[in-house]
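Student: Take one part of this model and go through it closely with me, please. I'd like the rest of the chain brought in as background.

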Amino acid sequence: MGSPPRHPAVLMAPAVPLALLALVALLAPGLGVALPGCDYPAHLWCSSLEIAVACQAESRCANLSRMAAAPVELSLFYESLCPACRAFLVQQLFTTWLLLPSQVLNITLVPYGNAEERNVSGKWDFQCQHGPEECLGNMIEACLMHEAKNFSIYFPVIFCLESGSSVTKNLEACLQVYAPQLDKDRIAACVQGDVGAALMHHNAQLTEALDPPHQYVPWVVINGEHTDQLQAQAEASLLRLICHLYQGEKPEACGGSQATMATARCWH
């Protein structure tokens with residue numbers, strides 16, 4: 001008697017993984033085999049950092065090493081009517097933001113500056129370096145940020161306010177041009193109510209927590225650090241400084257030389 005016939009599955013079992021390996025090698029030579037958490041075809045493994053991480057292919061995706069660089073983090077501590085703050089925001093910060101992709105530079109604005117706060121009968125009262133009008137300007141910009149949420153929406157409005165004839169009287173006109181979707185009445189209610197005071201108190205806390213303590217405004221903190229050298233470089237040519245600090249692939253705007261400007265400040 002001959003031996004009983006073997007079950008077809010026994011003969012086919014070794015062939016299945018070999019066929020899969022051959023297919024992967026054909027589609028993406030050198031990438032290796034996809035992991036269980038990788039649900040993407042091999043030719044897409046290098047299409048984004050997220051997919052490359054899921055498929056553990058980062059080391060083989062040379063184009064992603066530069067894309068993965070963190071943005072430069074810049075915080076500007078300023079006050080709305082300080083001439084030096086207005087000049088830096090309009091001439092340096094806004095133009096640099098326009099020229100660089102969002103993945104290169106992340107900006108935080110803190111309007112408060114050299115103001116002082118005190119608690120009067122359970123409510124916050126603010127005294128500003130350039131008077132009540134500046135406190136109002138700080139509050140308008142803080143409430144604008146609170147209502148808009150999105151930096152790309154509120155920063156052009158703040159640029160409009162700071163570059164115009166009046167920080168406190170041009171809100172409606174600036175909203176019409178740059179952010180017509182925002183409700184000026186909601187911003188006004190914030191300014192006049194408890195929310196605005198709470199926002200300014202928060203900005204006061206952020207300003208008071210600076211290390212080293214701020215001596216003047218505009219006060220620039222980059223990647224959590226403030227030094228005289230960083231401040232001077234930011235005031236001379238912010239675009240050049242950000243291009244130098246960014247660790248990823250340099251955008252086109254980083255290619256040319258930039259003019260410098262004179263330093264001006266509002267001292268505490």
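Tutor: Let's fix one term before anything else: a residue is buried under 20% relative accessible area, exposed over 50%, and partly exposed in between, using a 1.4 Å probe and protein chains only. This is a predicted model, so local features need pLDDT of at least 70 and side-chain atom pairs count only at pLDDT 80 or more, whereas totals for chains, interfaces and linings use all residues. Residues are numbered from 1 along each chain as its sequence is written, and side-chain values use heavy atoms, with hydrogens and water left out.

Some background, then. The protein has 268 residues, and 43% of them are buried. It contains eleven helices and seven strands (DSSP runs numbered from the N terminus, H or I over at least four residues for helices, E over at least two for strands). Among contacts with a separation of 6 or more, 65% are between residues 24 or more positions apart, where contact means heavy atoms within 4.5 Å. The protein exposes about 14900 Å², with carbon and sulfur atoms supplying 57% of that (Shrake-Rupley with a 1.4 Å probe; for residues, only the protein chains shown count as cover).

The part I'd pick is the set of rings around Trp97. The structure holds nine aromatic pairs. One of them is Trp97 with Phe151: the ring centres are 5.7 Å apart and the planes sit at 75 degrees, so this pair is edge-to-face. Trp97 belongs to helix H5 (residues 83-99) and Phe151 to helix H7, so the pair ties together parts 54 residues apart in sequence. Trp97 counts as buried because its relative accessible area is 19%, and Phe151 is buried too, at 15%. Trp97 also makes an edge-to-face pair with Phe155, this one at 5.3 Å centre to centre with 70 degrees between the planes. That pair again links H5 to H7, across 58 residues, and both Trp97 and Phe155 are buried. As for the cut-offs, rings of Phe, Tyr and Trp (its six-membered ring) pair if their centres lie within 6.5 Å; planes under 30 degrees apart are stacked, over 60 edge-to-face, and the rest tilted. Put together, Phe94, Trp97, Phe151, Tyr154, Phe155 and Phe159 form one aromatic cluster.

Phe155 takes us from the rings into the core. Leaving aside neighbours within four places in sequence, Phe155 is in contact with Leu89, Leu93, Phe94, Trp97, Ile107 and Leu109. Phe155 is also among the residues with the most contacts inside the largest nonpolar core, which has 65 residues; Leu74, Leu76, Leu93, Ile107 and Leu109 are the others on that list. Apart from that core lies another one, of eight residues, including Cys38, Ala42, Ile51 and Cys61. A nonpolar core here is a set of buried Ala, Val, Leu, Ile, Met, Phe, Trp, Tyr and Cys residues joined through side-chain atoms within 4.5 Å.

Leu74 turns up again in the surroundings of Ile222: with neighbours within four places set aside, Ile222 is in contact with Val72, Glu73, Leu74, Leu230, Leu241 and Leu245. Ile222 sits in strand E6 (residues 219-222) and is buried at 2% relative accessibility. From Ile222 to Leu245 is 23 residues in sequence and 9.5 Å in space, C-alpha to C-alpha.

Now for the charged side chains. There are five salt bridges (a side-chain nitrogen of Lys or Arg within 4 Å of a carboxyl oxygen of Asp or Glu). Lys169 pairs with Glu133, with 3.5 Å between the closest N and O atoms. Lys169 is in the loop between H7 (151-163) and helix H8 (171-178), while Glu133 is in helix H6 (residues 132-148), 36 residues apart. Lys169 is exposed at 63%, whereas Glu133 is partly exposed at 33%. Another bridge joins Glu147 to Arg186, at 2.9 Å between the closest N and O atoms. Glu147 is in H6 and Arg186 in helix H9 (residues 184-192), so this pair ties together parts 39 residues apart in sequence.

One more salt bridge, at 3.2 Å from N to O, is between Asp125 and Arg118, with Asp125 partly exposed at 26%. As for the strands, E3 (residues 116-120) and E4 (residues 123-127) run antiparallel, joined by five bridges; strands pair if DSSP finds at least two bridges between them. Glu116 has Gln127 as its bridge partner in E4. The two strands form a hairpin with two residues between them, and Ser121 in the turn has a positive phi of about 55 degrees.
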